[in-house]
Amino acid sequence: MNLQKLIKTLKIQNITGKTDVDIQDIVYNSKFARENTVFVALVGMSVDGHNYIQDAYDEGVRVFIVSKETDIKGCDITLITVEDTRDALANISDVFFCSPSKNITVIGITGTKGKTTVSNYIKQTLDNSGINCGVIGTNGIFFADKSIKTVNTTPESYEIQKYLRQMVDEDIKVLAMEVSSSGIMMKRVNYIDFDYAIFTNLTPDHIGEKEHPTFEHYVKCKSQLFSMSKYSIINQDDEKSDIMKENANEYMTYSIDKESDLKAEKIIFPSSISNIKTYFNVDNQEYIVNSFGKFGVYNALCVIAVCKKLGLSELQIKNGLSKAHVKGRLQILNIIKDTPIIIDYAHNEVSLGNILKTIKVLNPKRIITMFGSIGERAKHRRIELAEVSSKYSDIIIVTSDNPDKEDMKSIIDEIVSHISEDKLKNTYTYINREDAIKKAIEISQAGDIIVLAGKGHEEYQLINGVREHFSDEEQAVKWAKIIKNV
Ligand SMILES: CC(=O)N[C@H]1[C@@H](OP(=O)(O)OP(=O)(O)OC[C@H]2O[C@@H](n3ccc(=O)[nH]c3=O)[C@H](O)[C@@H]2O)O[C@H](CO)[C@@H](O)[C@@H]1O[C@H](C)C(=O)N[C@@H](C)C(=O)N[C@H](CCC(=O)O)C(=O)O
Ligand SMILES: Nc1ncnc2c1ncn2[C@@H]1O[C@H](COP(=O)(O)OP(=O)(O)OP(=O)(O)O)[C@@H](O)[C@H]1O
């Protein structure tokens, strides 16, 4: 594409050098820099992309988009200065891939919890009715027969636009995309033409270094999605629903407790862990969701609301929803007789609390909870997870969960220091997550429920910047076979 065309809608402060040049791709990491590309210098949380302009030049790049002064000189350079390079990256990526979001129905899902579950339920329900749907989110990017791993829940704008283009070209009709607050803050979803925005819920999370400075900032970032979208679907029961409504253009609401446009009634929660189906009615129609707790119903309501808007019949929605499952979300392994193992991505207070509270109602002999907490970020979770697990578990096993460059033992010690006095005697610690899973299985007895929390679908452990292969499911199956002879 000609550079003049690529930057035609960019808000440019200053430009030097020639613009009548051919551009074959866009890069924002010098490691991928090559001839005939534009390098966009992003100011990151760890380093500043402007420091890599020379590296990109050495690799052959001659066109740079920057927001600061740079030392780079040369008569062959085109230097475009803008106020915000993240917004510029989103802008030119949209232009480069010919605005694909205008040719596909885009559903953005935001909220502290439920994004992955709702987006995958939507995909499975639509696919089941013959409407091709793609997903972008924590578990990866999925469309047609493609499955691409993601580092971020909401990838960089360039990647979103690139995969949107591929989806449109592959005749995908709908995209269900998780929109994280960091994604909004980092302008990764700017210039996307959202048809629907779904609000699941909001509680304090992702606050701290490298994320949001305050809860208010987190709320504000989330709420921006609703002004970007044509139509919003909002959880009426959530305390923050008013802020989302204020930002919405047109909206409808869903609920369990308050009055709303789509209210779940006659809810029957599962009475046994071996069959976790929840039944409920909406407008006198019975629906089933493979989940438990109120949150399972809230997630299902999001799916019903958006699928109705997309024109699916009640029967189509019922059929699709009743079959929907998501890897690592309330995934139950019934491999040890009378001792179910639940693998769940719960890694903050709300999600772990929800699961443990719901399990408690099923009256297990004991709840054995294994978890850790991420290194370097969201440090408040260490206190919250310790407190919530102390409240509902009989036995606690604290271990590692993506420590990255932080010392694993000190994270574990910090968690343990917040476990309640009465639960300390029933608390074990293992730096190695495999040892922790082994211990949980070793001490389990018939009637217990084991909860392996935090990693869900993840197939790695992030240690010192390296993703080493690790899967809770694989380890649980392995040690159940060895210890319990299953
Ligand atoms: C803290 C943070 O947000 N970091 C994100 C950031 O990573 P980064 O550390 O590589 O950025 P950086 O190192 O400061 O680099 C700045 C710029 O220099 C460039 N660079 C860097 C090195 C080099 O040699 N050459 C070079 O050009 C980089 O490509 C980048 O453009 O940019 C990367 C690429 O876009 C992201 O993958 C990465 O997300 C990390 C993995 C992360 O943990 N992000 C979290 C906070 C996050 O975004 N989470 C949300 C979910 C949470 C929520 O619900 O809000 C998500 O959507 O995933
Ligand atoms: N609507 C909900 N409300 C509260 N908790 C939920 C909800 N839906 C799912 N959960 C719990 O939170 C965990 C994470 O769910 P899910 O991955 O769908 O949320 P998410 O918003 O994508 O999370 P994250 O931002 O951590 O990626 C689930 O495994 C479940 O324990």
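This is a short tour of two ligand sites and one cavity in a predicted model.

**Stop 1: ligand 1**

Start by selecting ligand 1 and the residues around it. You should find 25 residues surrounding ligand 1, and the closest are Val47, Asn152, Thr153, Glu156 and Ser180. By class, this shell holds 8 nonpolar, 12 polar and 5 charged residues.

Next, colour the chain by domain. Residues of the shell around ligand 1 come from both domain 1 (3-96) and domain 2 (100-323), so the ligand lies between them.

Now show the backbone atoms and look for polar contacts. At tyrosine 28, a polar backbone atom is 3.0 Å from an oxygen atom of ligand 1. Move on to methionine 45, where a backbone N or O atom lies 3.1 Å from an oxygen atom of ligand 1. Serine 182 also has a backbone N or O atom 3.1 Å from an oxygen atom of this ligand. On its own, ligand 1 has 1,100 Å² of accessible area, and the protein covers 82% of that.

**Stop 2: ligand 2**

Centre the view on ligand 2 and select its neighbours. There are 19 residues around ligand 2, and Lys113, Thr116, Thr117, Arg329 and Asp344 come nearest. Sorted by class, the shell has 4 nonpolar, 10 polar and 5 charged residues.

Which helices each supply at least two residues of the shell around ligand 2? Switch to a cartoon view and pick out helix H4 (115-128), helix H9 (293-309) and helix H11 (349-361). With the domain colours still on, you can see that domain 2 (100-323) and domain 3 (331-484) each give at least three residues to this shell.

Then bring up the side chains for the polar contacts here. Begin with aspartate 344, which has a side-chain N or O atom 2.5 Å from an oxygen atom of ligand 2. Lysine 115 places a polar side-chain atom 2.8 Å from an oxygen atom of the ligand. For asparagine 299, the partner is a nitrogen atom of ligand 2, and a polar side-chain atom lies 2.8 Å from it. Add a surface to finish this stop: the protein covers 96% of the 620 Å² of accessible area that ligand 2 has on its own.

**Stop 3: the cavity**

Finally, leave the ligands and look for enclosed space. How many cavities of 30 Å³ or more are there? The count comes to 1, and the volume of the largest cavity is about 50 Å³.

To find the spot, select Lys327, Gln331, Ile343, Gly456, His457, Glu458, Glu459, Ser471, Asp472 and Glu473, which line the largest cavity. Colour these lining residues by class and you will get 1 nonpolar, 4 polar and 5 charged.

How values were computed. Residues numbered from 1 in each chain as written. Chains lettered and ligands numbered in written order. Predicted model: local features only at pLDDT ≥ 70, side-chain atom pairs only at ≥ 80, totals over all residues. Heavy atoms only, no water. Near = heavy atom within 4 Å. Polar contact = N/O pair within 3.5 Å; in protein donor to acceptor, adjacent residues only side chain to side chain. Areas by Shrake-Rupley, 256 points an atom, 1.4 Å probe, with all protein chains shown as cover. Helix = DSSP H or I, 4+ residues; strand = E, 2+ residues; numbered from the N terminus. Nonpolar A, V, L, I, M, F, W, Y, C, P; charged D, E, K, R; others polar. Domains from an automatic or database assignment. 1 Å grid on protein atoms, 1.4 Å probe; cavity = no way out; pocket = protein on both sides within 12 Å on 5 of 7 lines; lining within 4 Å. Points joined across faces, edges and corners; volume = space filled by probe spheres on them.
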